[in-house]
Amino acid sequence: MQYVRLGNTGLKVSRLVLGCMTYGSPSWRPWVLEEDEARAFFQKAIEGGINVFDTANMYSLGRSEEITGRLLREFARRDEVVIATKVFFPMGDGANEKGLSRKHIMSQVDASLRRLGVDHIDLYQIHRFDYETPIEETMEALHDVVKAGKARYLGASSMYAWQFAKMQAVTERHGWTKFVSMQPQYNLVYREEEREMLPFCRSEGVGVIPWSPLARGFLAGGRAAPKQGETKRAQTDELAPKLYFRDADQQVVQAVSDVAEARGLSNTQVALAWVLRNPAITAPIIGASKLHHLEQALAALDVVLSDDEAAKLEAPYQPKPVLDHA
């Protein structure tokens, strides 16, 4: 495993992050694995050198955090791992049970600590931008979370670059804790973050840990139409058809398959290797519901694509609207 600094911090992170949304309760999403099924994935990840585990309070409405905390205690020492979680999406029906208000942040950081079974979160992230809460309120609350020792670093997720820049500027003006990482969607069939967010993060020394580097499994192949594929997630995913499946997207998948076949690799290895070769990327977040998904992701770290191969993978891409910001 390779380890790199997260942005300009001294924190060392593995070049792959295990995304823990897959582990929780199938009553939340039918493709989610229960704790007994999840155990082997945490063990395999730690044995493979992965030291960053990314979850969120809203994944299985807290169950994912509980499982993540328990299984990390089972297989690793606390100081060996980097635990990342998030806040923003609704955790109940009440008017104040969502968003980035001071009330919700303070309530949810304590709830996440209890569920994870830890006294601090290594990377506390806002899951989306909150249009209804003043930026100053959000950033001061997050700063207080860090100063209280409940989080070591702060991160953000999918939003427009101008929003992220504005939030960073507010923290600088007040001397508050800045974001050290950004978690955008980035893969071969969604490259819109190349316009502004990735250059901004690289310029400012912000680490980038993109979600869905395999486009929810779409780039792995075998999904010519929605609700197709080998996994329950592929067969039941309601979001993927809204994000992918255009003709140009299918052409990208074909290019991935062509390069993979020529190299004797899997689509997963090729698609991940393409994300990893971007100098703005710190570590993509991988999801795995079958052990061979995780094994192939780990194997992708040894794959180096040529410029010609990268050009072939990129050629079919057609720009698309910005997707899945709040």
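This report describes aromatic rings, and charges that sit over them, in a predicted model.

## Aromatic pairs

A pair of aromatic rings is described by the distance of the centres and the angle of the planes. A search of the whole structure finds twelve such pairs. One of them is formed by Trp-28 and Tyr-59, whose ring centres lie 6.2 Å apart, with 50 degrees between the planes. This pair counts as tilted because its angle is neither under 30 degrees nor over 60.

Trp-28 belongs to the loop between strand S3 (17–19) and helix H1 (35–47), while Tyr-59 belongs to the loop between strand S4 (52–54) and helix H2 (63–75); the pair therefore ties together parts that are 31 residues apart in sequence. Both residues are buried: Trp-28 has a relative accessible area of 16%, and Tyr-59 has one of 8%.

## A stacked pair and a cluster

Phe-42 and Phe-53 form a stacked pair, with 5.7 Å from centre to centre and 10 degrees between the planes. This pair links distant parts of the chain, since Phe-42 is in helix H1 and Phe-53 is in strand S4, eleven residues apart. Phe-42 is buried, at 0% relative accessible area, and Phe-53 is also buried, at 0%.

Phe-42 and Phe-53 belong to one aromatic cluster together with Tyr-23 and Phe-41.

## Charges over rings

Trp-28, described above as a partner of Tyr-59, also has a charge over its ring: the charged end of Arg-29 sits 4.0 Å from the ring centre. In another case, the charged end of Arg-191 sits over the ring of Tyr-317, at 5.0 Å from its centre.

Conventions:
Residues are numbered from 1 along each chain as its sequence is written. This is a predicted model: local features need pLDDT of at least 70, side-chain atom pairs count only at pLDDT 80 or more; totals for chains, interfaces and linings use all residues. Side-chain values use heavy atoms; hydrogens and water are left out. Rings of Phe, Tyr and Trp (its six-membered ring) pair if their centres lie within 6.5 Å; planes under 30 degrees apart count as stacked, over 60 as edge-to-face and the rest as tilted. Helices (H or I, at least four residues) and strands (E, at least two) are DSSP runs, numbered from the N terminus. Buried means under 20% relative accessible area, exposed over 50%, partly exposed in between (1.4 Å probe, protein chains only). A charge sits over a ring if NZ of Lys or CZ of Arg is within 6 Å of the ring centre and within 35 degrees of the ring normal.
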